[in-house]
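Biologist: I am new to this structure. Please pick a single part, look at it closely, and set it in its surroundings so that I can follow.

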Amino acid sequence: RRADMSDDEQAIDEDIVASITEVKPRVESIKRLEIENSGRGVPALKIKTLEGIELVVSVSVNGYHIEECSRQLKMKDFDSLHALLSETSKAYVQKFGSSLEEALLALSQKDG
């Protein structure tokens, strides 16, 4: 834990790290950045989906919010990055489903 971070900032930081790890195999690219919002720096992610949709997503204690998008999307809040990508990227959903099937298959073979 960094001494210069509040509890909220620490929680957001941990959530960003976990979210990047979770979604990275199912997007073209994802990187962390900071955007200006009301004169202060806000943690954000720049994401390119497998379909080529480019997103800038701010992260706060309220969740994930699409700030910029290369396609016409509703700019609303999401509880998780997974939920956001599930709504914006069909390829993400397909790849997520495939990874679940592979995990279940591996489990069934391990038990058998």
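Modeller: In the protein chain, 28% of the contacts with a separation of 6 or more are between residues 24 or more positions apart. The model is predicted, and the values below are computed from it. The part taken here is the contact of helix H1 with helix H2, but the chain as a whole comes first.

The protein chain has 112 residues, and 30% of them count as buried. Its accessible surface comes to about 7,400 Å², with carbon and sulfur atoms holding 48% of that area. The C-alpha trace spans about 55 × 35 × 20 Å along its principal axes. Three helices and five strands make up the secondary structure. Their order along the sequence is α-β-β-β-β-β-α-α.

Now the contact itself. Helix H1 covers residues 7–23 and helix H2 covers residues 81–88; their axes come within 10 Å and cross at roughly 40°. H1 is therefore oblique to H2, since an angle counts as roughly parallel under 35 degrees and as roughly perpendicular from 65 to 115. On the H1 side the contact is made by Ser-19, Glu-22 and Val-23, and on the H2 side by Leu-81, His-82 and Leu-85. Sorted by type, the residues of this contact are three nonpolar, two polar and one charged.

Which of these residues deserves a closer look? Take Ser-19, which is placed in helix H1. Ser-19 counts as buried because its relative accessibility is 6% and the cut-off for buried is under 20%. Leaving aside residues up to four places away in sequence, Ser-19 touches Tyr-64 and Leu-81. Leu-81 belongs to the H2 side of the contact, while Tyr-64 falls within strand S4, residues 63–69.

Strand S4 also leads to a second buried residue. Val-56 is placed in strand S3, residues 54–60, and counts as buried at 10% relative accessibility. With residues up to four places away again left out, Val-56 touches Ile-35, Leu-45, His-65, Ile-66, Glu-67 and Glu-68. Val-56 and Arg-32 are 24 residues apart along the chain, and their C-alpha atoms are separated by 9.7 Å.

Past strand S4 the chain enters a loop, between S4 (63–69) and strand S5 (77–78), and Lys-74 lies in this loop. At 66% relative accessibility Lys-74 counts as exposed, because the cut-off for exposed is over 50%. Lys-74 and Gln-10 are 64 residues apart in sequence, and from C-alpha to C-alpha they are 28 Å apart in space.

Helix H3, residues 90–111, holds both Tyr-92 and Phe-96, which are four residues apart and so separated by about one helical turn. The count of aromatic pairs comes to one. In that pair, the ring centres of Tyr-92 and Phe-96 are 6.4 Å apart and the ring planes lie at 10°, so the pair is stacked. The two residues differ in exposure: Tyr-92 is buried, with a relative accessible area of 0%, whereas Phe-96 counts as partly exposed at 25% relative accessibility.

To return to the chosen part: H1 and H2 cross at roughly 40°, and Ser-19, one of the residues that make the contact, counts as buried.

Methods: Residues are numbered from 1 along each chain as its sequence is written. This is a predicted model: local features need pLDDT of at least 70, side-chain atom pairs count only at pLDDT 80 or more; totals for chains, interfaces and linings use all residues. Side-chain values use heavy atoms; hydrogens and water are left out. Axes are lines fitted to C-alpha atoms, for helices over the stretch in contact, and angles run from 0 to 180 degrees between N-to-C directions. Helices (H or I, at least four residues) and strands (E, at least two) are DSSP runs, numbered from the N terminus. Angles under 35 degrees count as roughly parallel, over 145 as roughly antiparallel, 65 to 115 as roughly perpendicular and the rest as oblique. Contact means heavy atoms within 4.5 Å. Ala, Val, Leu, Ile, Met, Phe, Trp, Tyr, Cys and Pro count as nonpolar, Asp, Glu, Lys and Arg as charged, and the others, Gly among them, as polar. Rings of Phe, Tyr and Trp (its six-membered ring) pair if their centres lie within 6.5 Å; planes under 30 degrees apart count as stacked, over 60 as edge-to-face and the rest as tilted. Buried means under 20% relative accessible area, exposed over 50%, partly exposed in between (1.4 Å probe, protein chains only). Accessible areas come from the Shrake-Rupley method with a 1.4 Å probe; for residues, only the protein chains shown count as cover.
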